[in-house]
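Student: I would like to go through this structure and ask what lies behind each description.
Tutor: Here it is.

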Amino acid sequence: MNLTSVLGKLFDENFNRSAEVIIRSPGRVNLIGEHTDYNGGLSLPFAIDRYVMVGISRRVDGQIRLLSNDQNGIFEISIEDLLKSPALGGWVRYPLGVFQTLIARGLPLGGCDVGVVSDLPMGAGLSSSAALLAGVGLALMESFGFELSKSELVEVIHFAESHYGGSPVGYLDQMAIVQSKANHALRIDFSDKSTLDVGLPFGEVAIFDSRVKHSISAGGYGLRRRECEEAAQRLGVASLSLASLSDAYDKLDDLHYRRTRHVLNENSRVSRVVDSLRKGLDVGIYLTASHASLRDDFEVSCKELDLIVDEALHFGASGARMVGGGFGGSVLVLGGDWEALSRSLEVKFNAMSLVEPKVLIVSTTGTLQRVA
Ligand code: ADP
Ligand code: MG
């Protein structure tokens, strides 16, 4: 059954009506440009053909009812009570955070039934949270008849996720999901949030989820952010992307120098990838170089991710790299024999008493759009 039919069934069985507006909101993969967003640098994400689908139908009684196939039970609250509420808990803090953000901006919302179905895995680094927020934001716009530009929608869902969702996030996920065009990556310059569409010559990539999450993960991310801030401060620049490598070499200790070198080299790699894509050249070597830099200079990889990258190259990938914050999570593999790679990883992970990585093949065709 396709997602639209699943959503139809959910509405039918639980709300006893059909959805008036249906939005399909994609996940995203970051091709290259890791740990650069909070350093005012460059990234190159694209939207994928895995979606969170959000349906909505207005109600006259001022009640909001929320239901997701991936969560338990219907959550109900009146608009009146929502206005008096701080941030809520559980998954509903995301959709309700969008309501709260829009109401605070004076937009006219009312009661409604909201249903969510999805084939985008949660917590796998493909940004299901931002996909959910973007889907709800656009659904409310279409349903209650107000206009927001794409960049306004990005601001709204970014505020909703960081303030009401309780996760201090950069802008990468929101911008990638709202602003990407099908078969294009979005080059984002985080110094001013300007963007550029870059055509992609490949239709699919493989994401190997290591299913490993090391306990250092959350703290490690915060620590790297702090180290980058310290380096920028010592170099007297507003963001690390404005530093010069020779200056960093003269003024910083080894650790801060290597963090700076990752950020500056990663920004250059994003620019080189954009140039190469425009010339129709393969970009795999830059992905693999990005991984080496994340492993050696930024020190956010782990042995499981390194193993997947090495095996991917062995099985003919043109490039591979860890994606996301690090210390576990997924590896992006460009080209090669994904089936043979899966089989080999199964053997090697089992030999280390680990569950084998899960592979997801995603296409570059995702876009945020109304489908009904
Ligand atoms: P990621 O964004 O990488 O998938 P997060 O931890 O940021 O991981 O977001 C996952 C959370 O987003 C889930 O725990 C849930 O609260 C919410 N979420 C995502 N997709 C759905 C969905 N289809 N239905 C309900 N909640 C969802
Ligand atoms: Mg997320």
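Student: Which element gives the most to the shell around ligand 1?
Tutor: Helix α4 does, with three residues. This is a predicted model, where local features need pLDDT of at least 70, side-chain atom pairs count only at pLDDT 80 or more, and totals for chains, interfaces and linings use all residues. Residues are numbered from 1 along each chain as its sequence is written, and chains are lettered from A and ligands numbered from 1 in the order in which they are written.

Student: What makes a residue near ligand 1?
Tutor: Its C-beta atom, placed from the backbone, has to lie within 6 Å of the molecule. Of the 17 residues around ligand 1, Ser68, Trp91, Ser118, Ser128 and Ser129 come nearest. Both β6 (112-118) and α4 (128-144) supply at least two residues of the shell.

Student: Why is α1 called a helix?
Tutor: Helices are DSSP runs of H or I with at least four residues, and strands are runs of E with at least two, numbered from the N terminus. Helix α1, residues 3-15, has 13 residues, so it satisfies the length condition.

Student: How do you know what span to expect of α1?
Tutor: The expected span is 1.5 Å times one less than the number of residues. For α1 that is 18 Å, and the helix reaches 17 Å from its first C-alpha to its last, close to the expectation.

Student: How many helices and strands does the chain have?
Tutor: It has twelve helices and 13 strands.

Student: Why is the chain called as compact as a globular protein of its length?
Tutor: The globule rule is 2.2 Å times the number of residues to the power 0.38, and the radius of gyration is taken over C-alpha atoms. For 372 residues the rule gives 21 Å, and the chain has a radius of gyration of 21 Å, so the description holds.
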